[in-house]
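Let's practise reading a binding site from a protein model. Grab a pencil and work through each task before you peek at the solution.

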Amino acid sequence: MCGIVGYIGPRDAATVVYDGLKRLEYRGYDSAGVAVLAQNGRIAIRRDVGKLSNLGSLLAESPVSGQIGIGHTRWATHGEPSQRNAHPHIGMNGHVVVVHNGIVENFLPLREELAAEGVTFASETDTEVIVQLVERYLESGLGFDTAVRQTLAQLEGANAVVVMSLDQPDQLICARLGNAGGITLGLGRDEMFIASDIPAILEYTRDMVFLENRQMALVTRHGYQLTDLEGEPLKPEVHTINWDPVSAVKGEFKHFMQKEIHDQPQALIDTMRGRVNFEKGTITLPEMNLTTELVNSLNKIIIVACGTSYYAGLIGKFMIEALARIPVEVEYGSEFRYYDPIIDEHTAVLAITQSGETADTLVASEQARDKGATLWSIVNVIGSQSMRIADGYIAMQAGPEIGVASTKAFTTSLADMYMLGCVLGELRGVITPTKMRGFVNDLAHIPNLAGQLLEDESVYENLANVFHNAQDFLFLGRGINYPVALEGALKLKEISYIHAEGYPAGEMKHGPIALIDETMPVVALATSDRLYEKMVSNIQQAKTRGGIVLAVATQGNGAIGREADYVIEVPATSELLQPILNTIPMQLLSYHIAVWRGCDVDQPRNLAKSVTVE
Ligand code: AGP
């Protein structure tokens with residue numbers, strides 16, 4: 001949830017750290033702070049509440065200079081967003097400073113113990129127990145790394161930390177405990193970088209090491225030593241990241257969300273690149289490590305995910321069941337981890353996650369693997385935990401997604417699940433080469449059709465003009481488009497703060513129809529498929545109750561205009577791929593309504609990009 005950056009080397013540490021935080025602000029924006037080991041031999045801290053730009057102004061008014069520093073953007077868990085609760089946190093005697101992501105679950109007893117020993121606390125955060133513990137261990141004569149290890153051994157919960165000490169002015173220590181978001185080391189020449197996410201340091205290096213659970217690194221400007229929490233040296237695996245740093249920048253667009261909506265045609269191409277052979281009509285997914293034997297031994301697939309990724313999973317169920325004829329269940333990670341699902345070695349669990357660091361999805365995945373399931377993941381962030389723990393994965397290749405509201409990761413994950421369904425179907429012998437060629441051919445057109453939907457945003461600007469004052473919205477869909485309705489409602493809620501509900505259209509008469517009146521816009525996903533006529537009756541039912549209907553319909557459907565008040569046209573494709581296209585109007589509608597209402601589209605209140613706590 002929180003963003004972390006650390007630097008040691010010849011550059012100005014405050015600048016490197018602050019610039020890195022700018023690329024991570026989407027992770028949390030309740031407060032931000034930087035600590036630098038200043039040239040006067042003291043730790044200088046600058047912290048402020050609210051957006052990162054407040055910290056920027058503070059640093060401009062009151063600069064700090066030094067060659068080693070750490071910084072943080074906060075998404076508050078313990079303690080209100082305030083200056084005193086902002087990170088970095090410093091020990092009582094001013095010798096140690098810490099930035100932290102996660103939750104110290106036993107912070108209350110630790111705090112009470114420390115208080116009984118005379119420690120005074122300056123904040124209400126759980127983080128502060130970490131820094132006070134390290135400082136006390138250092139004062140008792142332990143070395144820096146041992147003091148940090150002793151501290152980590154006392155913490156319960158999933159936590160990621162970076163620690164800096166006056167007593168070791170040439171070292172930073174970072175560590176990861178559980179799934180509280182990543183810790184990445186960036187390897188430079190005579191300089192080293194630490195970050196919770198790759199984009200923060202991509203400008204400086206592409207060679208990165210990802211800390212696994214219960215690993216710690218002692219970092220100097222000339223290198224690093226990776227160990228486990230007992231101090232045993234470990235052999236690091238260096239990954240070279242091939243992301244384009246430019247795609248992490250907004251460019252001509254007003255918001256990252258808008259840019260990422262427009263990235264979709266390219267992201268869809270990128271996700272197929274090297275996997276789909278359009279000439280031969282074949283699909284290969286080498287990183288999935290699929291064999292005929294494995295696939296034929298499976299009797300079900302369980303998709304686990306959260307939020308938008310969960311809705312993608314609901315669409316994936318339709319795709320995989322239709323293409324591969326294998327039963328698929330879809331579960332929220334946060335629910336799945338707390339019951340006793342029926343899983344064995346004949347089950348494959350497929351995690352869908354943009355960040356690859358969502359705590360609930362990761363725990364659910366690990367639990368399933370412990371019960372004998374094969375673990376797969378569809379993930380965007382290269383090197384993230386979900387990718388690393390999987391037996392097989394598909395990298396979405398959507399590029400960095402910065403806007404908190406997920407857009408391109410949703411549609412690329414749909415293309416990935418479609419490809420997975422095709423490959424599974426082929427291995428199970430239910431897709432013939434001729435059928436496969438047809439599926440590949442349908443897929444080939446999708447990026448171009450997605451591009452057509454992005455040519456003119458004025459229709460959405462006009463709709464935003466009409467609807468921006470609505471209090472509630474209802475999104476309706478049937479079959480494979482029902483999860484698109486759920487996603488449409490979630491997008492609107494997230495970024496415009498308008499209450500919205502997604503509903504299976506056939507269920508409307510069992511309750512939500514009571515909500516419909518002349519103030520209630522109803523978005524109806526009514527593209528031409530097997531259920532089109534049913535959708536038309538739902539539209540008529542909504543109209544009869546005075547509802548204002550905005551239909552998403554297939555291009556060239558002249559008749560729908562007689563039923564609905566407003567129509568958005570989308571190009572036709574196969575039923576299984578239609579959700580990719582139908583989602584784009586949902587994204588653009590929410591985006592323009594949020595812009596009209598003056599909302600902070602990229603950083604909606606109370607949200608964070610990756611939810612690395614429970
Ligand atoms: C999407 O718009 C969300 N902000 C959120 O629901 C997100 O999809 C969810 O937290 C899961 O994230 P993940 O894909 O990184 O696991």
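The exercises below look at the ligand and the pocket around it in this predicted model.

**Exercise 1.** Find out which residues come nearest to the ligand, and which elements help to build its shell.

*Solution.* Step one: start with the 13 residues around the ligand, where Ser309, Thr353, Ser355, Thr358 and Glu494 come nearest. Step two: look for helices that supply at least two shell residues each, and you get α9 (307-324) and α17 (482-496). Step three: pick the top contributor, which is α9 with three residues. Step four: sort the shell by type, which gives three nonpolar, eight polar and two charged residues.

**Exercise 2.** Work out which atoms of Ser309, Thr358 and Val404 pair up with the ligand.

*Solution.* Take the side chains to begin with. Ser309 has a polar side-chain atom 2.6 Å from a ligand oxygen, and an N or O atom in the side chain of Thr358 sits 2.5 Å from an oxygen of the ligand. Now turn to the backbone: a polar backbone atom of Val404 is 3.2 Å from a ligand nitrogen. Finally, check the cover: the protein hides 92% of the 410 Å² of accessible area that the ligand has on its own.

**Exercise 3.** Describe the largest pocket: its volume, its lining and what takes up its space.

*Solution.* Its volume is about 530 Å³. Of its 27 lining residues, Cys306, Gly307, Thr308, Lys609 and Val611 are closest to the centre. By type, the lining splits into eleven nonpolar, twelve polar and four charged residues. Last step: the space taken by the ligand is this largest pocket.

Note on methods: Residues are numbered from 1 along each chain as its sequence is written. This is a predicted model: local features need pLDDT of at least 70, side-chain atom pairs count only at pLDDT 80 or more; totals for chains, interfaces and linings use all residues. Side-chain values use heavy atoms; hydrogens and water are left out. A residue is near a molecule or strand if one of its heavy atoms lies within 4 Å of it. A polar contact is a pair of N or O atoms within 3.5 Å; within protein, one must be able to donate a hydrogen and the other to accept it, and residues adjacent in sequence count only if both atoms are side-chain atoms. Accessible areas come from the Shrake-Rupley method with a 1.4 Å probe; for residues, only the protein chains shown count as cover. On a 1 Å grid over the protein atoms alone, a cavity is a set of points where a 1.4 Å probe fits but cannot get out, and a pocket is an open set with protein on both sides within 12 Å along at least five of seven lines; lining residues have an atom within 4 Å of a point. A molecule sits in a cavity or pocket if more than half of its atoms lie within 2 Å of its grid points. Helices (H or I, at least four residues) and strands (E, at least two) are DSSP runs, numbered from the N terminus. Ala, Val, Leu, Ile, Met, Phe, Trp, Tyr, Cys and Pro count as nonpolar, Asp, Glu, Lys and Arg as charged, and the others, Gly among them, as polar. Grid points are joined across faces, edges and corners, and a volume is the space filled by probe spheres set on the points.
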